[in-house]
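Work through the following exercises with the coordinates open, trying each task before reading its solution.

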Amino acid sequence: EGNDLRIYRAVGALGAAARPAIALLISKSREPGDRYPSVAALGMLGRYDAQRVVPHLIALLESLPGPRVPIDAPDLLHALRAIGKPARAALPATLASLGQARAARDSMHGAAAIQALLAIAEPGESLPLLAGLLDDHMLAGDAVDSLALLGPAAASTAPALIEKLGLEFVTFFLQGDDLSLNVGVLLFADRQRADHVAQRRAERGNERGRAAAAGGRLARGQN
């Protein structure tokens, strides 16, 4: 059957060899019954013909009705994410879709928009936008995950995370081309508590130093 999801997945998995199917998938994606599997397959194949696929996905995304967020929006955003950097032309539509998700307080739609933003935008473009989402309780977690995936370039957002999230402990795994960095950041909402912890660490360090010195003197006395 034409609506069998397995056929769409198989076509999408063929890669460049399935490029001739793109025109048919674009046509099918205009039909409500076939939109979801067609859009998913276009996401898998879009990098092989971005000049045709990306404008079509943008048009579908921009044609969605306003105040109520339709289920199609996350599917379209996932397809753009799958295409990646060749879908850069969809950045304005993705940002508009993110705004729509925030206005409707739809976390699934918002998460899909953030993932698409991360995939299609350059880090310098996405960093300020992701940092700006740290005040949005609905999407802050998705923004933090995306900042971690950006790698060392996201380290500049550490002050904003410390200031805005107020978490007790956050571990970021920042991966770059040539290095992996595991950064553990203690974030205390209560500055006095942070000072107390620092003081106790210093005291324990001094105690260990005194114990080591005493042990050294004892060893010399025995000799």
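**Exercises on a predicted model**

In this predicted model, residues 24 or more positions apart account for 57% of the contacts in the protein chain with a separation of 6 or more.

**Exercise 1.** Describe the make-up of the protein chain and its surface.

*Solution.* Begin with the secondary structure, where the protein chain has 11 helices and 2 strands, arranged along the sequence in the pattern α-α-α-α-α-α-α-α-α-α-β-β-α. Turn next to burial: of the 223 residues in the protein chain, 39% are buried. Finally, the protein chain exposes about 12700 Å², of which carbon and sulfur atoms supply 55%.

**Exercise 2.** Determine how helices H4 and H6 are oriented towards each other, and which residues make their contact.

*Solution.* First take the geometry: H4 (residues 50-62) and H6 (residues 91-104) pack at an angle of about 25 degrees, their axes being 10 Å apart. Because angles under 35 degrees count as roughly parallel, H4 is roughly parallel to H6. The crossing of the two helices, H4 and H6, is left-handed. The contact is made by Ile58, Leu61 and Glu62 from H4, together with Ala93, Thr94 and Ser97 from H6, and by class it has 3 nonpolar, 2 polar and 1 charged residues.

**Exercise 3.** Locate Tyr48 and classify its exposure.

*Solution.* Tyr48 lies in the loop between helix H3 (35-45) and H4. With a relative accessible area of 33%, Tyr48 is partly exposed, since that class falls between under 20% for buried and over 50% for exposed. Leaving aside residues up to four places away in sequence, Tyr48 touches Gly15, Ala16 and Arg19. The C-alpha atoms of Tyr48 and Ala18 are separated by 9.2 Å, although these residues are 30 residues apart along the chain.

Definitions and conventions: Residues are numbered from 1 along each chain as its sequence is written. This is a predicted model: local features need pLDDT of at least 70, side-chain atom pairs count only at pLDDT 80 or more; totals for chains, interfaces and linings use all residues. Side-chain values use heavy atoms; hydrogens and water are left out. Axes are lines fitted to C-alpha atoms, for helices over the stretch in contact, and angles run from 0 to 180 degrees between N-to-C directions. Helices (H or I, at least four residues) and strands (E, at least two) are DSSP runs, numbered from the N terminus. Angles under 35 degrees count as roughly parallel, over 145 as roughly antiparallel, 65 to 115 as roughly perpendicular and the rest as oblique. A crossing is left-handed if the near helix is turned anticlockwise from the far one by less than a right angle, and right-handed if clockwise. Contact means heavy atoms within 4.5 Å. Ala, Val, Leu, Ile, Met, Phe, Trp, Tyr, Cys and Pro count as nonpolar, Asp, Glu, Lys and Arg as charged, and the others, Gly among them, as polar. Buried means under 20% relative accessible area, exposed over 50%, partly exposed in between (1.4 Å probe, protein chains only). Accessible areas come from the Shrake-Rupley method with a 1.4 Å probe; for residues, only the protein chains shown count as cover.
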